[in-house]
Structure formats: C-alpha cells, structure tokens
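Trainee: Before I plan anything at the bench, I would like to go through this model with you, one question at a time. Could we begin with the whole chain and then turn to its details?

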Amino acid sequence: MASVVVLPNHQTQFTISPNGNELIYVDSVDGQRDLWRRGFHSRDAVNLTESKSNEGAPSWSPDGTRLLFSSNRDTEKNEIYLMSLDFRKVQRLTNNQLYDSEACWAPNETTIIFTRFFPADEQGKTKGHGAIFEYNLKTQKESRLTDLGG
C-alpha cells in the first residue's frame with residue numbers, strides 16, 4: 001500500500017532516505033528556506049539547517065549518512081554544501097561567485113554532479129547558460145563535464 005505524505009507550508013524540493021523511511025524537504029517559513037527531516041509516518045519534523053540563509057536542492061547520500069544541498073549562507077550566490085547527518089557538521093564544497101545547485105551523488109559516493117549557472121555579461125555579448133560539473137570529494141577538485149545551451 002502506498003503512503004501519502006502531506007508536507008507543510010511551501011515545500012518545494014525533497015529527497016527520500018535510502019531505506020525509504022524518511023525524507024528531507026525544503027520548507028519556506030517567513031520567506032526563509034530551510035531543510036527539514038521527518039519520517040514518512042510522523043508529523044514531527046526537525047529543522048536541519050536553522051540559518052538565516054536559504055537552503056535547497058537536498059540529495060541524500062546512498063549510504064544514508066550525508067546530505068548534499070545548495071545554500072547562499074556564505075555568499076549572495078548558491079554554493080554546494082555537504083552535511084554529516086549524524087552531527088550536522090556542514091562543509092562548503094564549491095567556492096565561486098556563480099550559482100551552483102542541483103547536486104546529486106554518483107554511484108561511487110566519492111563524486112558528486114551539479115549544475116553551475118553562468119549569467120549573461122552586462123554588454124549582452126553572451127547569454128546566460130549552465131554547465132554540468134563533477135566534484136571529487138577525495139581530491140576536492142572539480143571539473144566541467146558539459147555546457148548547457150549558451
């Protein structure tokens with residue numbers, strides 16, 4: 001039998017735990033987006049981020065211990081962050097003045113894939129476009145995989 005989960009307020013994005021028992025979702029309260037964790041059969045939720053910034057695009061690791069997400073907590077633009085779900089320790093992975101988001105795990109769990117948006121230049125010579133990047137968690141190096149229109 002399928003479960004129906006009713007999420008509060010303005011939930012827009014979510015990820016399901018590898019064991020299928022929990023979800024982490026984005027909820028907007030007073031204009032601020034945070035990441036919340038709850039069981040499928042529970043109404044109780046825990047705010048994982050509790051920051052004054054906006055978090056989004058959560059992605060649960062295949063082993064269930066870590067979470068990727070995007071946030072503007074350190075800059076005006078979104079960067080990719082990694083959270084240990086046991087201790088809520090957060091590590092910033094990307095560091096640039098562009099917009100990084102939509103991170104997901106590669107099957108090897110040491111590589112993540114994400115999108116980066118490049119805005120149009122002020123003179124209108126180039127239009128805004130995106131690209132897909134990979135980030136190696138062991139080497140902490142990123143590389144561009146492809147362009148997305150532009």
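**Reading the predicted model**

Mentor: Buried residues make up 39% of the 150 residues in the protein, and please keep in mind throughout that this is a predicted model.

Trainee: How many helices and how many strands does the secondary structure of the protein come to?

Mentor: Reading from the N terminus on, the elements run β-β-β-β-β-β-β-β-β-β-β-β. The secondary structure therefore comes to the following count, with helices and strands taken as DSSP runs: 0 helices and 12 strands.

Trainee: What share of the accessible surface of the protein belongs to carbon and sulfur atoms?

Mentor: The accessible surface of the protein has to be taken as a whole here, and it comes to about 8800 Å². Of this area, the share that belongs to carbon and sulfur atoms is 49%.

Trainee: Which residues touch the most other members in the largest nonpolar core?

Mentor: This core has 13 residues, and β7 (79-84), β9 (99-105), β10 (111-118) and β11 (129-136) each supply at least two of them. A second, separate core of 10 residues includes Ile24, Val26, Leu48 and Leu85. In the largest core, the residues that touch the most other members are Leu68, Ile80, Leu93, Ile112, Phe114 and Leu137.

Trainee: Which residues does leucine 93 touch, if those up to four places away in sequence are not counted?

Mentor: Leucine 93 is one of the residues that touch the most other members of the largest nonpolar core. A touch here requires heavy atoms within 4.5 Å. With residues up to four places away in sequence not counted, leucine 93 touches Leu68, Ile80, Tyr81, Leu82, Ile112, Tyr135 and Leu137.

Trainee: Which strands are the edge strands of the open sheet that has the order β5-β6-β7-β8?

Mentor: The 4 strands of this open sheet pair in an antiparallel way, and neighbouring strands are turned by 25° against each other on average, direction ignored. An edge strand pairs on one side only, and this description applies to β5 (55-60) and β8 (90-92).

Trainee: What is the bridge partner of tryptophan 60 in β6?

Mentor: β5 and strand β6 (residues 66-71) run antiparallel, and 4 bridges join them. In β6, the bridge partner of tryptophan 60 is leucine 67.

Trainee: Which residue in the turn of the hairpin formed by β9 and β10 has a positive phi?

Mentor: β9 and β10 run antiparallel and are joined by 5 bridges; the bridge partner of cysteine 104 in β10, for example, is isoleucine 113. The hairpin leaves 5 residues between the two strands. In the turn, the residue with a positive phi, of about 65°, is glutamate 109.

Trainee: Which residue in β11 does phenylalanine 118 stand opposite?

Mentor: β10 and β11 run antiparallel, with 8 bridges joining them. Across this pairing, phenylalanine 118 stands opposite histidine 129.

Trainee: Is the aromatic pair of phenylalanine 114 and phenylalanine 133 stacked or edge-to-face?

Mentor: A pair of aromatic rings is described by the distance of the centres and the angle of the planes. The structure holds 3 aromatic pairs, and in this one the rings are 5.7 Å apart centre to centre, with 20° between the planes. The pair links distant parts of the chain, with phenylalanine 114 in strand β10 and phenylalanine 133 in strand β11, 19 residues apart. Because planes under 30 degrees apart fall in that class, the pair is stacked.

Trainee: What is the angle between the planes in the pair of phenylalanine 118 and phenylalanine 133?

Mentor: Ring pairs link Phe114, Phe118 and Phe133 into a cluster. Phenylalanine 118 is buried with a relative accessible area of 17%, and phenylalanine 133 is buried with one of 6%. Their pair is tilted, with 6.4 Å centre to centre and an angle between the planes of 35°.

Trainee: Does serine 51 count as buried or exposed?

Mentor: Serine 51 lies in the loop between β4 (45-47) and β5, and touches Gln32, Asp34 and Arg73, not counting residues up to four places away in sequence. The C-alpha atoms of serine 51 and leucine 35 are 9.6 Å apart in space, while the two residues are 16 residues apart in sequence. Because the relative accessibility of serine 51 is 15% and the cut-off is under 20%, serine 51 counts as buried.

How values were computed
Residues are numbered from 1 along each chain as its sequence is written. This is a predicted model: local features need pLDDT of at least 70, side-chain atom pairs count only at pLDDT 80 or more; totals for chains, interfaces and linings use all residues. Side-chain values use heavy atoms; hydrogens and water are left out. A nonpolar core is a set of buried Ala, Val, Leu, Ile, Met, Phe, Trp, Tyr and Cys residues joined through side-chain atoms within 4.5 Å. Buried means under 20% relative accessible area, exposed over 50%, partly exposed in between (1.4 Å probe, protein chains only). Two strands pair if DSSP finds at least two bridges between them. Axes are lines fitted to C-alpha atoms, for helices over the stretch in contact, and angles run from 0 to 180 degrees between N-to-C directions. Accessible areas come from the Shrake-Rupley method with a 1.4 Å probe; for residues, only the protein chains shown count as cover. Rings of Phe, Tyr and Trp (its six-membered ring) pair if their centres lie within 6.5 Å; planes under 30 degrees apart count as stacked, over 60 as edge-to-face and the rest as tilted.
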